[in-house]
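Subject: Structure handover

Hello,

Here is the structure I promised to pass on. Please open it and keep it in view while you read my notes.

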Amino acid sequence: GDTLAMREAIFERSEMHQDFDAILTFDYENLDTDIEKTAQQLQKMLQDCGLTADKRLTVVAHSTGGLLSRWWIEKEQGAAYVQKLIQLGTPNGGSEIASFRQKIATLLTLGINAVERFKPYLAPLSFLSGGLGKRGFKTLNQLHQGSEFLQRLNSGSAPEVPYYLLAGDTSRTEALFAEDDPLWKKIWHCLKDRRLYILAEEIIFDEKPNDLAVRLESMKALPWEHQRVLEPQCDHFSYFSNAESLKMLKEVIAE
């Protein structure tokens, strides 16, 4: 929900801001608020600002923000305001991170129940676990594959707004080493530069291409096709700092 990295990318790491009359950012609570309610808040804020519905907005939306933007465009009145939507790492088909969090919570609960010395603390621990599941992860739960929210979102028809996608792929991210480095040094650099990606691929994503938070397949999972899909070599957290990603973002903004 923090747009600081986006603002830095637009104003400090590029000259993209020069193509527009104004840059608007939208920070929102993204843990305990339904995505559709946040989309409604966005609509109200734009109306309160006096913005007219004349398809002038280019929306750049990262991760869950891409789903929020879709709900606003497809289910509220956003299509009247938006010229194009650019999604970056958006889980259109859901995110394994949401499912993985639920699996970890289940395993922890089973582990606690299996350890005798935790028995006196089961009641408060169960209360805490239940509270976090219902409140602290309310928005994240909507990102589960097959969630009610995603089913409703993906049941609509294509709006008259072109959607673009920047889909990072960490499997294409290379380790950095010199050609004349000894073998042991090349292996060390591979482990150092790619260890987090390899771990995520093995444990969370079943070796399927991903950006460290969302599978490539899920990002592309619109009920219709994106206008264009570009695949920078970056992860979910570097779309606005990665040089290749910024170049592609500038390209689709200008298109």
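What pattern does the chain follow when read along the sequence? The answer is α-α-β-α-β-α-α-α-α-β-α-α-β-α. That makes ten helices and four strands. Keep in mind that this is a predicted model.

The chain as a whole

The chain has 255 residues, and 42% of them are buried. Its accessible surface comes to about 14300 Å². Carbon and sulfur atoms hold 55% of that surface. Now take the contacts with a separation of 6 or more: 73% of them join residues 24 or more positions apart.

The sheet

The four strands form an open sheet. Their order is 1-2-3-4, and the pairing is parallel. Strand 1 and strand 4 (228-230) are the edge strands, so to speak the rims: each pairs on one side only. From one strand to the next, the twist averages 15°. As general background, strands of a sheet pair through backbone hydrogen bonds, either parallel or antiparallel.

Strand 2 and its partners

Start with strand 2, residues 82-88. Six of its seven residues are buried, so the strand is mostly covered. Strand 2 runs parallel to strand 1, and six bridges join the two. One pair to look up is A61, which stands opposite Q87 in strand 2. Between these two strands the chain passes through helix 3, and this β-α-β crossover is right-handed. Strand 2 also runs parallel to strand 3 (residues 163-166), with four bridges between them. Here I86 has Y164 in strand 3 as its bridge partner.

Helix 3

Find helix 3 next, residues 64-75. This helix lies across strand 1, strand 2 and strand 3. Helix 3 runs at about 140° to strand 1.

One residue to look at

Go to S63. This residue sits in the loop between strand 1 (57-62) and helix 3. Is S63 buried or exposed? S63 counts as buried, because its relative accessibility is 14% and the cut-off for buried is under 20%. Which residues does S63 touch, leaving aside its neighbours within four places in sequence? The contacts are L88, G89, T90, P91 and H236. L88 belongs to strand 2, which spans residues 82-88.

Best wishes

Terms used:
Residues are numbered from 1 along each chain as its sequence is written. This is a predicted model: local features need pLDDT of at least 70, side-chain atom pairs count only at pLDDT 80 or more; totals for chains, interfaces and linings use all residues. Side-chain values use heavy atoms; hydrogens and water are left out. Buried means under 20% relative accessible area, exposed over 50%, partly exposed in between (1.4 Å probe, protein chains only). Contact means heavy atoms within 4.5 Å. Two strands pair if DSSP finds at least two bridges between them. A crossover is right-handed if, with the strands pointing away from the viewer, the path from the first strand over the helix to the second runs clockwise. Accessible areas come from the Shrake-Rupley method with a 1.4 Å probe; for residues, only the protein chains shown count as cover. Axes are lines fitted to C-alpha atoms, for helices over the stretch in contact, and angles run from 0 to 180 degrees between N-to-C directions.
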